[in-house]
Amino acid sequence: MYTILAHSYVVLLVVGFLRVGAESGRVRQDSLACFCSFFYRFLGRSTRTTRAKMRRNNPILGGRGNRHSRGVSSSWFPVTVVAYVLLFLGIDIFVYRRLEMDKTALRRKSDGGWDAHADGHDEDATSGGAPSSLPVHLLPHVPVLPALPSRVTVADADARVGDLLAGRPTMAGVVALLQRFVSDLRGRNRRRAKAGGDGKVALADFYGAVAEHLAPFDEAYRGRSIFHVREDGSIFISVAAFREHILDETLESAFSNAKNPDRIFVGAVIQNCFGKEREDGSVDTSRRPCQTGPMQVGTKANGKKITKRLDVPPDRNGIEDFCLLPGHQKYCENGQIRVLYMHHTDGLGPSMARYFASKLW
């Protein structure tokens with residue numbers, strides 16, 4: 001409200017300044033008088049006598065004017081304008097700081113009192129590679145390796161998911177819940193495939209998995225962030241990688257060229273062919289268990305392309321390649337790299353992958 005008033009006054013001053021006309025080396029002040037009349041009338045602090053006097057003395061409002069409105073030294077008008085502008089600028093700065101303080105207090109209240117410094121943990125996850133040095137929301141530590149897309153890799157997953165939905169978030173709880181959603185949807189798809197279900201059943205299966213896992217998660221944090229928002233200039237990189245073979249180069253470039261690599265955080269959703277999945281959830285990586293997309297292997301006599309899917313080894317894990325680079329292992333151990341692994345056949349497109357990655361921030 002005060003900011004709107006301040007800007008309104010400044011606009012009126014600018015308009016008055018533009019209406020100033022030079023008359024024999026003297027400047028008419030009727031515009032400033034008009035502004036003053038608006039000022040007092042807007043605040044409702046002037047009496048009937050004061051308003052009448054302003055109307056009588058202000059030529060713009062139909063009055064005959066007086067010696068003050070007919071002409072004064074031109075040197076005073078710029079000074080008056082500057083003084084009012086500085087005054088209202090000070091009001092703007094004060095109101096802005098108050099609004100920022102209120103927003104910070106509201107955000108902390110909505111976060112349920114979560115504090116990154118609780119239990120003696122520092123907000124920066126860079127004081128060392130050991131899990132004991134991590135901030136509280138990154139404990140227990142979820143290792144980025146090895147890649148086990150078919151199994152929940154979070155210890156005590158039930159308790160972590162329960163804490164997450166109860167407003168006590170940890171990165172382990174987020175990863176466990178997303179893994180459950182992917183695993184549940186995979187099971188639904190397999191059962192539908194055996195039963196011969198159509199597209200309508202597939203859509204119903206998807207919405208069923210969302211209602212069971214993702215909807216309660218989003219509802220629990222609607223209108224607020226999951227974790228405390230860092231205010232140290234950190235950068236979050238969202239990565240939706242589908243069978244990506246140069247992911248390690250992308251991450252290496254980001255961390256190597258950063259002025260403050262300890263402030264870079266990555267949420268990666270890796271959708272790879274890890275091998276042939278067995279019934280028990282394990283993965284067979286022997287021989288060439290994966291296939292490419294349609295590849296041109298020749299040309300027909302009429303000029304049309306001959307395409308074929310080729311058998312290939314499992315995809316490279318860009319996260320593993322990055323973590324093995326000299327000097328980069330610490331970023332994988334201190335919580336700056338957060339990963340959700342899934343089979344490429346479980347992929348739901350780039351938009352859904354971005355949704356998953358957004359939860360790793």
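**Core, strand pairing and local features of the predicted model**

Tyr207 lies in helix H8. In this predicted model, Tyr207 has a relative accessibility of 51% and therefore counts as exposed, the cut-off being over 50%. The C-alpha atoms of Tyr207 and Leu185 are 9.5 Å apart in space, with the two positions 22 residues apart in sequence numbering.

Helix H8, which spans residues 199-220, is also among the elements that contribute to the largest nonpolar core. This core has 33 residues, of which Val174, Leu178, Phe181, Leu214 and Phe356 touch the most other members. Two or more residues each are supplied by helix H6 (157-165), H7, helix H8 (199-220), E11 and helix H12 (350-358). The greatest contribution is that of H7, which provides ten residues. In soluble globular proteins, a tendency exists for nonpolar side chains to be buried together.

Cavities were examined next. The model contains three cavities of 30 Å³ or more. The second largest of them has a volume of about 60 Å³. Its lining consists of Phe181, Val182, Leu185, Arg186, Asn189, Met342, Asp346, Leu348 and Phe356. Helix H7 (residues 171-195) supplies five of these residues, the largest share of the lining. By residue class, the lining comprises six nonpolar residues, one polar residue and two charged residues. Phe181 and Phe356, both named in the lining, are also among the core residues that touch the most other members. Leu185, another residue of the lining, is the residue whose C-alpha lies 9.5 Å from that of Tyr207.

Met342, also part of the cavity lining, belongs to strand E11, where its side chain points the same way as those of Arg338 and Leu340. Ile337, Val339, Tyr341 and His343 point the other way from E11, and the residues of both sets are buried. In a regular strand, side chains alternate between the two faces of the sheet. Because seven of the seven residues of E11 are buried, this strand is largely enclosed by the rest of the structure. E11 is paired with strand E4 (residues 264-272) in parallel orientation through seven bridges. Within this pairing, Ile270 stands opposite Tyr341.

Gln336 is located in the loop between helix H11 (329-333) and strand E11 (337-343). Gln336 has a relative accessibility of 0% and is therefore buried, the cut-off being under 20%. A polar atom of the Gln336 side chain lies 2.7 Å from the backbone oxygen of Ile264. Ile264 falls in strand E4, which covers residues 264-272. A second side-chain contact with a backbone oxygen involves His328, located in the loop between helix H10 (318-323) and H11. With a relative accessible area of 10%, His328 is likewise classed as buried. The distance from a polar atom of the His328 side chain to the backbone oxygen of Pro326 is 3.0 Å.

A further strand pair is formed by E8 (residues 295-299) and E9 (residues 305-308), which run antiparallel and are joined by four bridges. In this pair, Gln296 has Thr307 of E9 as its bridge partner. The hairpin of E8 and E9 has five residues between the strands, and Gly303 in this hairpin adopts a positive phi near 95°.

Positive phi values also occur in residues other than glycine. Arg243 has a phi near 50° and lies in the loop between strand E3 (235-242) and helix H9 (247-257). The relative accessibility of Arg243 is 22%, so this residue counts as partly exposed. Arg287 has a phi near 55° and is placed in the loop between strand E6 (283-284) and strand E7 (290-291). In contrast to Arg243, Arg287 is classed as exposed, with a relative accessibility of 73%.

Helix H9, which bounds the loop of Arg243, contains Glu252. At 30% relative accessibility, Glu252 is partly exposed. Glu252 and Phe322 are 70 residues apart in sequence, whereas their C-alpha atoms are 6.6 Å apart in space.

Definitions and conventions. Residues are numbered from 1 along each chain as its sequence is written. This is a predicted model: local features need pLDDT of at least 70, side-chain atom pairs count only at pLDDT 80 or more; totals for chains, interfaces and linings use all residues. Side-chain values use heavy atoms; hydrogens and water are left out. On a 1 Å grid over the protein atoms alone, a cavity is a set of points where a 1.4 Å probe fits but cannot get out, and a pocket is an open set with protein on both sides within 12 Å along at least five of seven lines; lining residues have an atom within 4 Å of a point. Grid points are joined across faces, edges and corners, and a volume is the space filled by probe spheres set on the points. Ala, Val, Leu, Ile, Met, Phe, Trp, Tyr, Cys and Pro count as nonpolar, Asp, Glu, Lys and Arg as charged, and the others, Gly among them, as polar. Buried means under 20% relative accessible area, exposed over 50%, partly exposed in between (1.4 Å probe, protein chains only). A polar contact is a pair of N or O atoms within 3.5 Å; within protein, one must be able to donate a hydrogen and the other to accept it, and residues adjacent in sequence count only if both atoms are side-chain atoms. Two strands pair if DSSP finds at least two bridges between them. A nonpolar core is a set of buried Ala, Val, Leu, Ile, Met, Phe, Trp, Tyr and Cys residues joined through side-chain atoms within 4.5 Å.
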